[in-house]
Amino acid sequence: MKKSWVLLGGLVVNTFFAPLSAQFSGFDVQDFSYGLGYTYREDQLNWNFAGPNDTPNVLSELEWNDLRINQVTFATSLTTCNRLYFRGYADYGRIFHGKNRDSDYLKSDRQEEFSRALTEAGRGEVFDLSAGIGYQWSWCCDRLRLAPIVGLSWQEQHLRMYHGELVIPVMEEIEDLHSSYKTRWWGPWIGVDLVGQVSCNISLFASFEYHWAPYQGKGHWNLRDDLFNEFKHSSNGRGWVTQGGANYNICGNWSLSLLASYQNWCAKNGTHTIRVMNEEFEVVKLKARLNDVNWRSFQASVLLTYCY
């Protein structure tokens, strides 16, 4: 079923983009390709923040584990005859499995946990955009190519929590839970792409990217009537992405691409901001230290690619 879907997607992409690729022929384009396919993805995300005046140093900590995602991926690359190189991708995915743990502590260093909730997190969505441009060098009659590249990227996760159970201080079901948390990592990156032609039909490729990524998070806890609007997170993040795979020419201009990627992101010493009502029934803004945010992701993809 998935194979048929990918083939159909490839035909649709070819129908819409083949005229576009023909237009590029007047601009001395050496290689132009675009592909559409399926990605299986697994994510992990956690963050924690301190209490007032950093006491305790970890007041609350949330972890999303085993987030499993089905994703549609579109990728394209272009190389001109003067070796100018461009690549980009976009994807959209739906979360179909995941778990969340929410823990609160009275003392520093995660001591005296006074609240713990375990919830389902198998709903939500993710999407990513990235594009980069660079200059490509080649050796061995163009069989080995290397391109330093710079670009911009945008990644978001929209996470949902439901079907919860409180396990500390007592065991009880959390009714009517439908809380959410949204993340955003965006910013510039630098990297390098490497392609090696193994045979007439097979090529191998790899890439590495280092990202500077301001981080923003927004949370809505529907069972907290003392919070006004959404609580917000902000910090300066960093991340790196590595990818490798193979491309096999099926027939003519059509190829099948298999690739795997791993990415690791973190943000530290940020700000946790909430709005609450004080004893005078006034809404006030409170801030605490967002200690760190950590996000790890693994992806495996298969794409049907058309090469012009």
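Reader: What makes lysine 268 and aspartate 292 a salt bridge?

Author: In this predicted model, the N to O distance between the two side chains is 4.0 Å. A salt bridge is a side-chain nitrogen of Lys or Arg within 4 Å of a carboxyl oxygen of Asp or Glu, so the pair qualifies. Local features need pLDDT of at least 70 and side-chain atom pairs count only at pLDDT 80 or more, while totals for chains, interfaces and linings use all residues. Residues are numbered from 1 along each chain as its sequence is written, and side-chain values use heavy atoms, with hydrogens and water left out.

Reader: Which elements hold lysine 268 and aspartate 292?

Author: Lysine 268 lies in strand S10 and aspartate 292 in strand S11, 24 residues apart. Strands (E, at least two residues) and helices (H or I, at least four) are DSSP runs, numbered from the N terminus.

Reader: Why is aspartate 292 called buried or exposed, and what is lysine 268 called?

Author: Buried means under 20% relative accessible area, exposed over 50%, and partly exposed in between (1.4 Å probe, protein chains only). Aspartate 292 has 18% and is therefore buried, whereas lysine 268 has 46% and is therefore partly exposed.

Reader: How do you know that aspartate 54 and arginine 289 pair, and which parts does the pair tie together?

Author: Their side chains meet at 3.3 Å, N to O, in a salt bridge. Aspartate 54 is in the loop between S1 and S2 and arginine 289 is in strand S11, so the pair ties together parts 235 residues apart in sequence. Aspartate 54, at 37% relative accessibility, is partly exposed, and arginine 289, at 27%, is partly exposed.

Reader: What makes arginine 94 and glutamate 125 a salt bridge?

Author: Their closest N and O atoms are 3.3 Å apart. The pair links arginine 94 in strand S3 to glutamate 125 in strand S4 (residues 111–135), 31 residues apart. Arginine 94 is partly exposed at 46% relative accessibility.

Reader: How many salt bridges does the rule give, and which residues are linked in a network?

Author: The count is 16. Arg41, Asp43 and Asp128 are linked in a network of salt bridges.

Reader: Why is phenylalanine 86 allowed in the nonpolar surface patch?

Author: A patch takes residues with over 30% relative accessible area and no salt bridge, joining nonpolar side chains (Val, Leu, Ile, Met, Phe, Trp, Tyr) within 5 Å and like charges within 9 Å. Phenylalanine 86 has 33%, is placed in strand S3, and belongs to the patch of about 820 Å², which also includes Leu84, Trp212 and Trp240. The largest share of the patch, three residues, comes from S8.

Reader: What makes a set of residues the largest nonpolar core, and how many does it have?

Author: A nonpolar core is a set of buried Ala, Val, Leu, Ile, Met, Phe, Trp, Tyr and Cys residues joined through side-chain atoms within 4.5 Å. The largest has 27 residues, and Trp47, Trp64, Tyr181, Trp185 and Val293 have the most contacts inside it. Another core, of seven residues, lies apart from it and includes Val29, Tyr34, Trp254 and Tyr306.

Note on methods
Accessible areas come from the Shrake-Rupley method with a 1.4 Å probe; for residues, only the protein chains shown count as cover.
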